[in-house]
Amino acid sequence: SPITFTTLTKSHVGNYYYIYDSGSGALEYYDGSDGSSSSPELANGIIATGQGFWTYDWGWITFKETDKTASTATFVKSQTDVDLSLYLTISENSSTYHSTMCIQEDIATMDGVDSTFDIRHFTTGFEKAPSIAAYSGEDLIRKNYIKDDFRNKSFDLYTKILNQGYHTIEAINLENFTNYRKVLLFDNVTGEFIDLKKELAYTFYSDVFEGHRFTLVLTNEEL
């Protein structure tokens, strides 16, 4: 059933939400404090069944049966264009455990932490898979939106290895991530540069580890 946003129990969460609208190409908002919205589809503050949405801050939302409503809501479809993101997946070779981070270009965002777009890395401490994310100041970003400006960029990557052994970092969707001629992975332990546009994946050995071992470099220059 659809739910009414304003009746949700929210703790340390902004009284607003965003939904991406592929028609406008933007994140559209609903403001629960005054009932205003940036799009007619969100004007009633009712979130459609199955609709993904974003809120901001470090708290939580409690969904109750009484938050359901019989009112109708518009399901705002996600982007239907070609996915232009770069995905980096880290896998534990001795198991099926893996996790993925993403780099996505957008003209409306900025490099560094962008609280409107970026998705922060989250952990409970009970995960079994290795982790990968991008450092941005004191934050760890799991989906990092970067300015679509063709400038050279580098990202210190956070990895957490839970089990000693061989692991693989694989680049996915490079065929659609076309603004950079070179997508390089630098291993600070071995001193190797890996051209992911040519090799796609890099296998390495690691002890149990948490921190900065790899750097991702996006460039159009010859190194």
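1. Cavities. In this predicted model, the count comes to one cavity of 30 Å³ or more. The largest cavity has a volume of about 30 Å³. Its lining is made up of Y17, I19, E41, L42, I46, I47, A48, Q51 and T74. By type, six of the lining residues are nonpolar, two are polar and one is charged. Two strands, β3 and β6 (46–47), each give at least two residues to the lining of this cavity.

2. The second largest pocket. This pocket has a volume of about 610 Å³. It is lined by 17 residues, and T55, Y56, D57, W58 and R120 are the closest to its centre. The elements that give two or more residues to the lining are β3 and β10 (119–120). The lining of the second largest pocket divides into nine nonpolar, five polar and three charged residues. Strand β3 thus deserves a second look, as it supplies residues to the lining of the largest cavity and also to that of the second largest pocket.

3. The sheet that holds β3. Strands β3, β4 and β5 form an open sheet in that order, with antiparallel pairing. Both β3 (16–21) and β5 (36–37) are edge strands with a single partner each, so one side of each has no neighbour in the sheet. As background, the strands of a sheet pair through backbone hydrogen bonds, in either a parallel or an antiparallel way. Between β4 (residues 26–31) and β5, the antiparallel pairing runs over two bridges. Y30 stands opposite S37 of β5.

4. The largest nonpolar core. How many residues does the largest nonpolar core have? It has 25, and those with the most contacts inside it are L86, L88, L157, L196, L216 and L218. Several strands each supply at least two residues of this core: β8 (86–92), β9 (98–106), β11 (131–136), β13 (153–161), β14 (165–172), β15 (182–187), β17 (201–206) and β18 (209–219).

5. L216 as an example. Leaving aside residues up to four places away in sequence, L216 touches L86, L88, I103, K153, S154, F155, L157, V183, L184 and L196. For the student, L216 is a useful residue to select in the viewer, together with the residues that it touches, including L86, L88, L157 and L196.

6. The second core. A separate core of nine residues includes I3, Y30, I47 and V76. Two of these names have come up before: Y30 is the residue opposite S37 in β5, and I47 is one of the residues that line the largest cavity.

Terms used
Residues numbered from 1 in each chain as written. Predicted model: local features only at pLDDT ≥ 70, side-chain atom pairs only at ≥ 80, totals over all residues. Heavy atoms only, no water. Pairing = 2+ DSSP bridges. Helix = DSSP H or I, 4+ residues; strand = E, 2+ residues; numbered from the N terminus. Core = buried A, V, L, I, M, F, W, Y, C linked by side-chain atoms within 4.5 Å. Buried < 20%, exposed > 50% of the residue type's maximum accessible area, 1.4 Å probe, protein only. Contact = heavy atoms within 4.5 Å. 1 Å grid on protein atoms, 1.4 Å probe; cavity = no way out; pocket = protein on both sides within 12 Å on 5 of 7 lines; lining within 4 Å. Points joined across faces, edges and corners; volume = space filled by probe spheres on them. Nonpolar A, V, L, I, M, F, W, Y, C, P; charged D, E, K, R; others polar.
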